[in-house]
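Here's a quick tour of one pocket and one pair of packed helices. Have the model open while you read.

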Amino acid sequence: MAITPLIRSGNRSVLIVLSASIALLAIWPLISLLNEAIQASEGNFLQLSADGGEQILGTFQLLIGSAFFGTVIGAANGWLLSNCRFTGRRWLRIAQLIPLATPAYLLSATLIDLGSRNGILINGIGWGIAVMALSTYPYVFLLSTESFSVSGRRQLEACRSLGVGPWQAFRRVALPIALPAIGAGVALMGMEIVNELGAVELLGIPSLSAGILEAWQAEGNPAGAIALALVTLVIVLSLVAAERQLRQRSRRWSDGVAGGDATAWELKGSRALAAQILGLLPPALSLGIPLCWGVLNLDQLNQPQSEDLLAMVLRTFLLGLAAAVLAVLASLILALAKRWIEAGWLKGLTFLAGMGYAIPGTVLALALLFANTPWQFSPIILLLWGYSDRFLAVSKGGLDAALERINPSLDEAATGMGLNWLQVLQKVHFPLLRGPMTVGLLLVFVDTVKELPLTFALRPFDFDTLSVRVYQYAGDERLAEALLPALMILVLGLAASMALVPSLDQRPRQS
């Protein structure tokens, strides 16, 4: 809802220029990529590289397999932890966020090392599906548990009154209602799977993300890289469209809050035990495998560490901090423009600016290089541009939601007293947005620390970060030397996951 006194203010032009500039910077790389594709095609279709078909097939196999198992795990846990009561339910709800803390490439690397110690070959599409399903199912869990918690209250109460059990109620009532939300979670899973680089490379799975990097850097075939990038864009944009459509459909079913005492089934005995195992096993594997690997390699802490370890940690920290500040400031300006300015063209630009989270890192890196051709920015500037672009939506979503909860009358009262938009922001919104901004900073910081494809593709020579070093050591079979970098990434990932606990824990709780 736009604020009329503020729209009439002479200072709104500054906000319009700032928000439009940020939005254009966010979408300019993709415009450059599409322009380069048109020029490279010379009126014909771009030709895929020799392995392009295999890479497309591998990506689809990984998507379908991971989506199936991730849906089963996420939806089952979403239902059990929202609408059933048993011992430990609250802690198991929080534990479902743990897999978000473990990057898929770290889980793959530790599995490969543990397998080699026991004579087990960890390689191929089957292991890739297991790793990606385990790493990304929380997206389905978060959206499905929200749907199970707020939808179908009357129907579930009717089920209880008729003596229908929890799984029958799930199959007949809750699942059909929650399908749009589950589908949106699967779409988010798909975006992460298409983006993945380290896990697929380590497990020997042909994929689009790895194929773009190979065609571009190893084969010197930019046309082939562009063709693969366009195929990837079609896939992720289809996932984005599906996710948004399904989210809209899921809102139509909300008729009150479920998941409380009135609609919760109490599980005892073997049923409670089965629910506890199902809720505990995925996060236990996700965190337990890297921790077991770390314990087995604790003796490496007594070994001399790499001389540049401190420098690597420092540059990772500074990159993450700079990207987080840039992304939060940019998202704040875009969120304010969405609230205060009703111009349709600007709303369209800000919407497109938030699409960066769906673009795989290798595609965005290639697009940034084409966008940088006239200016020749340094690789560090390109990295910060890419991080801010890719993770803009991570902080913007929280700020949009927080601004929607602020009564517009506060803005009207402030502008009626003669304050301009900067003064309203400073005196009214900053105090109210401190929490969402802090969470956004933390999430963007840790996402930047974990980001591998973008960093690996754009970093300057001899400028490794924690994620790049872990990936390189894993590729060279020197995982023991990656112990400290891996543990640092894991700790930071856990910190980011815990930032989501308050929003998850706002829903009805049982012990």
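What volume does the second largest pocket have? About 370 Å³, taking a pocket as an open set of 1 Å grid points where a 1.4 Å probe fits, with protein on both sides within 12 Å along at least five of seven lines, and volume as the space filled by probe spheres set on the points. This is a predicted model, where local features need pLDDT of at least 70 and side-chain atom pairs pLDDT 80 or more, while totals for chains, interfaces and linings use all residues. Numbering starts from 1 along each chain, and side-chain values use heavy atoms, without hydrogens or water.

The pocket has 15 lining residues (an atom within 4 Å of a point). Closest to its centre sit Leu25, Leu326, Leu384, Trp385 and Ser388. H2, H13 and H16 each bring at least two lining residues, and H16 has the largest share, with five. Helices here are DSSP runs (H or I) of at least four residues.

Now to the helix pair. The axes of H3 and H12 come within 10 Å and cross at roughly 130°, so the two are oblique (neither under 35, over 145, nor 65 to 115 degrees). H3 passes H12 in a left-handed crossing. On the H3 side, Ile73, Ala76, Asn77 and Leu80 meet Ala275, Leu278, Gly279 and Pro282 of H12, with contact meaning heavy atoms within 4.5 Å.

Here's how the two sets of residues divide, with Gly counted as polar:

| Set | Nonpolar | Polar | Charged |
|---|---|---|---|
| H3 with H12 contact | six residues | two residues | no residues |
| Second largest pocket lining | 13 residues | one residue | one residue |

Note on methods. Axes fitted to C-alpha atoms, helices over the stretch in contact; angles between N-to-C directions. Left-handed = near helix turned anticlockwise from the far one by under 90°.
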